[in-house]
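User: Please take me through this model by its terms. I want each label set against its cut-off.

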Amino acid sequence: MKNLIEVQNIKKNYGKKEAVKGISFNVEEDEILGLLGPNGSGKTTTIGMLLGLLKPTSGQIFINNLKLEENRIQILEIINFISPYIELPKKLTVKQNLYVYSKLYKVKNIKERIEYLSEKLRIGELLNSITGELSSGQKNRVSLAKALVNEPKVLLLDEPTASLDPEVGDFVRTFLEDYKKEKKISILLASHNMNEVTRLCKSVLMMKNGEIIDQGKPEDLITKHGRTNLEEVFLKLSRSKSEYN
Amino acid sequence: MSITRIYGLFLRHFYLITRSFPRILDLVYWPSIQITLWGFISNFFASHTTYYNNAVGVILTCAILYDFLFRTSIGFNMLFLEEIWSRNFTNLFIAPMRIGEILTSLVITALIRSLIGLVPAILLTSPLFGISILDLGIFLFFLFLSLYIFGITLGILVSSGLLRFGPSFENIAWSTMFLLAPFGCIYYPIETLPEIFQKVAYVLPLVYIFEEARNILINQTVNIQNVYYAFMWNAFYFSLSIVLFYYSFNAAKNKGTLINMGE
C-alpha cells in the first residue's frame, strides 16, 4: 500500500519548550491511524504541522509523496481537517458556506458535490439554515461536509465526535468507515474516545510529552500491556511516569 | 455582594490586560491621541479664523475623504477580524489559498464596502449643505485612489499584527486611524504642527492628500507634486506592508498563532 502521509523525525520547539520531540510515522492509503495521548502530548501540534499551519523546527513531512515545505498549496488541495475547535462562519447559511469552500478548493460541479454530501451526511434540510443556529450535531455534520468538499485524499480529524450525543457520534463513525472504504482515503484520527479508536483504527500511536511511546494495532497493544481494553492501556501509559518521562 | 467574586472577575480582566502589550498600549494612547488632535485643531482655528472663510465645503470634503480612508482601513481589518471572531480562521488558512489571493480578495471586498458607505455620504452633502465633493474635479479620483491605497496599507499592517500577536492586537486595529489623524493634517495645514511632528507628517502620504484637497478647493489650483508625493509614499508603505504580512505569516507558523487564535 502507498503511504499518503510520511512523517520523518519532526520536532517542534516553542522557545525552550519541546512540544514534539522527533516523531516519525506513516499512514497508508485506505488506513485510519489513531493518534492518542493525554492533553499536551503534542497531538494538535503534530496535526498543525501536517496542515502547514506550523513550521517544524526540524524533520520532514511528505503528503502523497510531495514535500510539504515546498508544495504547500498542492498538498492543501488534497487534504482537509475537522475539529470541534474551529467553525464555519456563523451568519452564512449552510449552503453558502459549502459554496464558498467549494470555490476556495476550486471544486468542479459544485452543485452535484453539495447534493452528494447533503445526502450522505443528512444535511439536505439544513442547507438554507443559518450555520450559527444549528445544534452541535448538525454543525458537526456540516463541518464534515466542508471537510469533504474537495474529495480529500487525506483527512485529519481532531476529536471529530467530541460533545456529540451517542446517536450522532455513531452516525459520524459509520459514515467515516464507509467513506474511507469507498474512497480509499487516509485518515489521521486524534481522539480521546477509546471505543471510537478501537472501532475505526487499524493501528494507533500513543503520544506523551511530545514523543511516541508506543504504537501498534489496538488489539496488540491491549494484549501487550495485559489490559482488557484500549482505555486501560491509555491510562497505564499516561500514568507511567518512570518508564517514559 | 461578595468582594472575593468581584475581585475574581477583576483579576480575570487584569490578567488579560497585563499579559498583552497591545492592550496596555491601547489604554495609554487613546487619551493622548484625542488631546493631541483636538489641541491642534483648536490652535489652528484660534489663530487662523479667516482661513476657512465661507468654506464649509473644505471641512466637509476633508471629512468625507478622511471617512473614506477610515472605512477602507477598518473595512479591511473587519474582514480579517470576522474570521477570528467566527473561529473560521484555521479553515481559511488550511484552504489552498496563496497569501496573494487572500490579500487580493480582501482588498477588493474592502473597496466595495467603502464605496457602499461613501456614495450615500457624497449624495447627502449636496442637498443638505449645497456642497459637492465633485468640485475637486478629475483630481478627486487620484485623491481617492491614494487614500484607498493607504487605507489598504494600514489594513494589511494591522492584519500582520493580528497574525503575529493574535486577537489581542484587535484594539490596535480599531485605533490606527486615530493614531495617524494628528499627523495627517486633515483639518489644518501642516504648519500648525510643531516642527518635530511636521517631520513625521512629511513621510506620510496623508498630509499631501489633504493639503492638495484644500489647495484645490481654496486656491482653485492644482499642485501635481502633492499627488506625486502621495503616490510615492503610498508605494513605499504598501510594499512594506506586503513584506511585513509575509514575515508575520511565517512568524505565525513558527509561533503557532494560526492554530491558537484565542484571546
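User: Which residues is A:Leu156 in contact with, leaving aside its neighbours within four places in sequence?

Analyst: They are A:Ile47, A:Leu50, A:Leu51, A:Ile79, A:Phe81 and A:Leu188. Contact means that the C-beta atoms, placed from the backbone, lie within 7 Å. This is a predicted model, in which local features need pLDDT of at least 70 and side-chain atom pairs count only at pLDDT 80 or more, while totals for chains, interfaces and linings use all residues. Residues are numbered from 1 along each chain as its sequence is written, and chains are lettered from A and ligands numbered from 1 in the order in which they are written.

User: What is the bridge partner of A:Phe81 in E7(A)?

Analyst: A:Leu156. Strand E6 (79-82) of chain A and strand E7 (residues 154-158) of chain A pair in the parallel sense over four bridges. Two strands pair if DSSP finds at least two bridges between them, so four bridges qualify. Strands (E, at least two residues) and helices (H or I, at least four) are DSSP runs, numbered from the N terminus.

User: What makes E6 and E10 of chain A edge strands?

Analyst: Each pairs on one side only. The open sheet has six strands in the order E6-E7-E8-E3-E9-E10 (chain A), with mixed pairing.

User: Which strands does H1(A) touch when it packs on the sheet?

Analyst: H1(A) touches E3, E7, E8 and E9 of chain A, and its direction makes about 150° with that of E7(A). Helix H9 (residues 230-239) of chain A touches E3, E9 and E10, at about 25° to E9(A). Axes are lines fitted to C-alpha atoms, for helices over the stretch in contact, and angles run from 0 to 180 degrees between N-to-C directions.

User: Which residues touch the most other members of the largest nonpolar core?

Analyst: Of its 127 residues, they are A:Ala145, A:Leu156, A:Leu188, A:Leu189, B:Leu65, B:Leu147 and B:Phe210. Such a core is a set of buried Ala, Val, Leu, Ile, Met, Phe, Trp, Tyr and Cys residues joined through C-beta atoms within 7 Å. Buried means 20 or more other C-beta atoms within 10 Å of a residue's own; exposed means 12 or fewer, and partly exposed lies in between. The largest share of this core, 13 residues, comes from helix H6 (residues 139-165) of chain B.

User: How many residues of chain A are in contact with chain B?

Analyst: 19 residues of chain A are in contact with 16 residues of chain B. H2(A) gives the most to the chain A side, with three residues.

Note on methods: Two residues are in contact if their C-beta atoms, placed from the backbone, lie within 7 Å.
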